[in-house]
Every structure is written in structure tokens, then in C-alpha cells.
Amino acid sequence: MWRKQSNKYGAIKSEYNGIVYHSKREAAYAQELDLRKKAGDIKDWQRQIPFVFTVNGIKICTYIIDFSIEKNDGTTEYVEIKGHYTSIFGIKWRLFRALYHDLDARIEY
């Protein structure tokens, strides 16, 4: 018998504005960004931005960060939404920061 498998960390996929997000928290953050954009606090935002991790010319993996926020001053901030920290994520985040150290990036727990 086929059963739908839930997320191992308890995240529940949620829809906002016709888009399915990996968790309720991601969907809520997208809604917050829309409100901030409407209020003129930010210029724009995007979701699911891929970054290729290449070391010594060898592609290691592609990391997808949850959101990029274009601020009114033209700078961009990258935000990863996390409900549960794992050691694998810790490695990916440190690699991301090492390869893209010049970017403004943070984790929201």
C-alpha cells in the first residue's frame, strides 16, 4: 500500500499565493516579504535561488537558498529559513559562506 511520507523534521508544506513552500514558516516569510514590498520597505524579493559550489574546478553540489531580498538601496540580502539545524546543513552553510563570503546572508530560525 502506498502512503504519503511526511517530512522527517515535521515540516508541513504550505501554499501561499499559488506557490507551495517547504514549510509553513517559509510561506509565512514569503507573505511577510510581500507586505514589506507593498509598504515600500524593500524593492523586491525572489525565492529558491541556486548557488553552484565549485572547488578547484570541480562541481560539488548546487545549494538553493530560500530567499533573496532586493533592498531599496540596491543591495541584496539572502535568507535561509530553518526550523531544524542538522550537521549536513551546517556543512553546506559554512561552504556557502566560504565560497560566497562577499554576500549578505543570514539564517532565520
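This is a short tour of the structure above, with a suggestion at each stop of what to select next. Keep in mind that you are looking at a predicted model.

**Stop 1: the whole chain**

Start with the full chain in cartoon view. It has 2 helices and 6 strands. Follow the ribbon along the sequence, and the elements come in the pattern β-β-α-β-β-β-α-β. Along its principal axes, the C-alpha trace spans about 55 × 40 × 20 Å. How many residues does the chain have, and what percentage of them count as buried? There are 109 residues, and 29% count as buried. Now switch on the surface: about 7,600 Å² is exposed, with carbon and sulfur atoms supplying 52% of that area.

**Stop 2: the largest nonpolar core**

Select Y16, Y21, A27, Y29, A30, L33, I42, W45, F67, I69, V79 and I81, and show their side chains. These 12 residues form the largest nonpolar core. Color the elements around them: α1 (24–38), β3 (42–55), β4 (58–71) and β5 (76–81) each give at least two residues to this core. Which element supplies the largest share? That is α1, with 4 residues.

Next, zoom in on A30. Leaving out residues up to four places away in sequence, A30 touches Y16, Y21, W45 and F67. Apart from this core lies another one, made of 10 residues, including I49, F53, I65 and F96. Select those four to find it.

**Stop 3: a nonpolar patch on the surface**

Turn the surface back on and select V55, I58, I60 and L99. Together they make a nonpolar surface patch of about 320 Å². One of these residues, I60, is found in strand β4.

**Stop 4: E80, a buried glutamate**

Now select E80, which lies in strand β5. Is E80 buried or exposed? E80 counts as buried because its relative accessibility is 4%, and the cut-off for buried is under 20%. Show everything around E80: setting aside residues up to four places away in sequence, it touches Y63, I64, I65, D66, F89, W93, R106, I107 and E108. Draw a distance from the side chain of E80 to the backbone nitrogen of D66, and you should find 3.5 Å. E80 also forms a salt bridge with K82, where the closest N and O atoms are 3.7 Å apart.

**Stop 5: S68, in strand β4**

Move to S68 in strand β4. S68 also counts as buried, at 10% relative accessibility. Which residues does S68 touch, not counting those up to four places away in sequence? They are D44, W45, Q46, I49, T76, E77 and Y78. You have met two of these names before: W45 is part of the largest nonpolar core, and I49 belongs to the other core.

**Stop 6: salt bridges**

The structure holds 6 salt bridges. Select D41 and R36, whose side chains meet in one of them at 2.7 Å, N to O. D41 is partly exposed, with a relative accessible area of 45%, and R36 is partly exposed at 22%.

For the last view, select E77, R106 and E108, which are linked in a network of salt bridges. Within it, E108 pairs with R106, and their closest N and O atoms are 2.1 Å apart. E108 is partly exposed at 27% relative accessibility, while R106 is partly exposed with a relative accessible area of 25%. Both R106 and E108 also appeared at Stop 4, among the residues that E80 touches.

Definitions and conventions. Residues are numbered from 1 along each chain as its sequence is written. This is a predicted model: local features need pLDDT of at least 70, side-chain atom pairs count only at pLDDT 80 or more; totals for chains, interfaces and linings use all residues. Side-chain values use heavy atoms; hydrogens and water are left out. A nonpolar core is a set of buried Ala, Val, Leu, Ile, Met, Phe, Trp, Tyr and Cys residues joined through side-chain atoms within 4.5 Å. Buried means under 20% relative accessible area, exposed over 50%, partly exposed in between (1.4 Å probe, protein chains only). Contact means heavy atoms within 4.5 Å. Patches are made of residues with over 30% relative accessible area and no salt bridge: like charges are joined within 9 Å, nonpolar side chains (Val, Leu, Ile, Met, Phe, Trp, Tyr) within 5 Å. Accessible areas come from the Shrake-Rupley method with a 1.4 Å probe; for residues, only the protein chains shown count as cover. A salt bridge is a side-chain nitrogen of Lys or Arg within 4 Å of a carboxyl oxygen of Asp or Glu. A polar contact is a pair of N or O atoms within 3.5 Å; within protein, one must be able to donate a hydrogen and the other to accept it, and residues adjacent in sequence count only if both atoms are side-chain atoms.
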